[in-house]
Amino acid sequence: MEFLAPVAAFLSLPLFLAAFAWYAVRARSRGVSQSLLAPIEEIWDPISHKTNIEIQIEAERSPETPSPGDPPELKWRFSTPR
């Protein structure tokens, strides 16, 4: 029985690393950009968490979105025969 605790502790490390690697592969394939430690970060450093949210919103914004003062642009143009 005394041998069981150290063996369980030793075997839990590869299991943890495998789970973390699985999460990393899943996050990259699905495009998840949220941190795994976001809830802890929100508790300990709320300003940093709010900054990360703003960065995520900016990254999700499409580059095709015009600025408020830009003139309207036609999506297609007529080709004139020469």
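**Exercise 1. Does Phe20 count as buried, partly exposed or exposed?**

Solution. This is a predicted model, and we can start with a single residue.
- Step 1: Phe20 has a relative accessibility of 44%.
- Step 2: Buried means under 20%, exposed means over 50%, and partly exposed lies in between.
- Step 3: Phe20 therefore counts as partly exposed.

**Exercise 2. Find the aromatic pair of the structure and classify it.**

Solution.
- Step 1: The structure holds one aromatic pair, made by Phe16 and Phe20.
- Step 2: The ring centres of Phe16 and Phe20 are 6.4 Å apart, and pairing asks for centres within 6.5 Å.
- Step 3: The planes meet at 25°; because planes under 30 degrees apart count as stacked, this pair is stacked.
- Step 4: Now place the two rings: Phe16 and Phe20 both sit in helix α1 (residues 4-30), four residues apart, or about one turn of the helix.

**Exercise 3. Which residues form a nonpolar patch on the surface together with Phe16 and Phe20?**

Solution.
- Step 1: Leu13 and Leu17 join Phe16 and Phe20 in the patch.
- Step 2: Together, these four residues have about 430 Å² of accessible area.
- Step 3: Check accessibility: Phe16 is exposed at 53%, while Leu17, in helix α1, is partly exposed at 47%.
- Step 4: Patch members need over 30% relative accessible area, so Phe16 at 53%, Leu17 at 47% and Phe20 at 44% pass that cut-off.

**Exercise 4. Describe the whole protein and say where confidence is highest and lowest.**

Solution.
- Step 1: The protein has three helices and zero strands, in the pattern α-α-α.
- Step 2: Of its 82 residues, 4% count as buried.
- Step 3: The protein exposes about 8,400 Å², with carbon and sulfur atoms supplying 65% of that area.
- Step 4: The average pLDDT is 76, and 74% of the residues score at least 70.
- Step 5: Confidence is highest in α1, at a mean of 84, and lowest in helix α2 (residues 38-44), at 73.
- Step 6: Keep in mind that where pLDDT is low, predicted coordinates should not be read in detail.

Terms used
Residues are numbered from 1 along each chain as its sequence is written. This is a predicted model: local features need pLDDT of at least 70, side-chain atom pairs count only at pLDDT 80 or more; totals for chains, interfaces and linings use all residues. Side-chain values use heavy atoms; hydrogens and water are left out. Rings of Phe, Tyr and Trp (its six-membered ring) pair if their centres lie within 6.5 Å; planes under 30 degrees apart count as stacked, over 60 as edge-to-face and the rest as tilted. Helices (H or I, at least four residues) and strands (E, at least two) are DSSP runs, numbered from the N terminus. Buried means under 20% relative accessible area, exposed over 50%, partly exposed in between (1.4 Å probe, protein chains only). pLDDT is the predictor's confidence in each residue, from 0 to 100. Patches are made of residues with over 30% relative accessible area and no salt bridge: like charges are joined within 9 Å, nonpolar side chains (Val, Leu, Ile, Met, Phe, Trp, Tyr) within 5 Å. Accessible areas come from the Shrake-Rupley method with a 1.4 Å probe; for residues, only the protein chains shown count as cover. A salt bridge is a side-chain nitrogen of Lys or Arg within 4 Å of a carboxyl oxygen of Asp or Glu.
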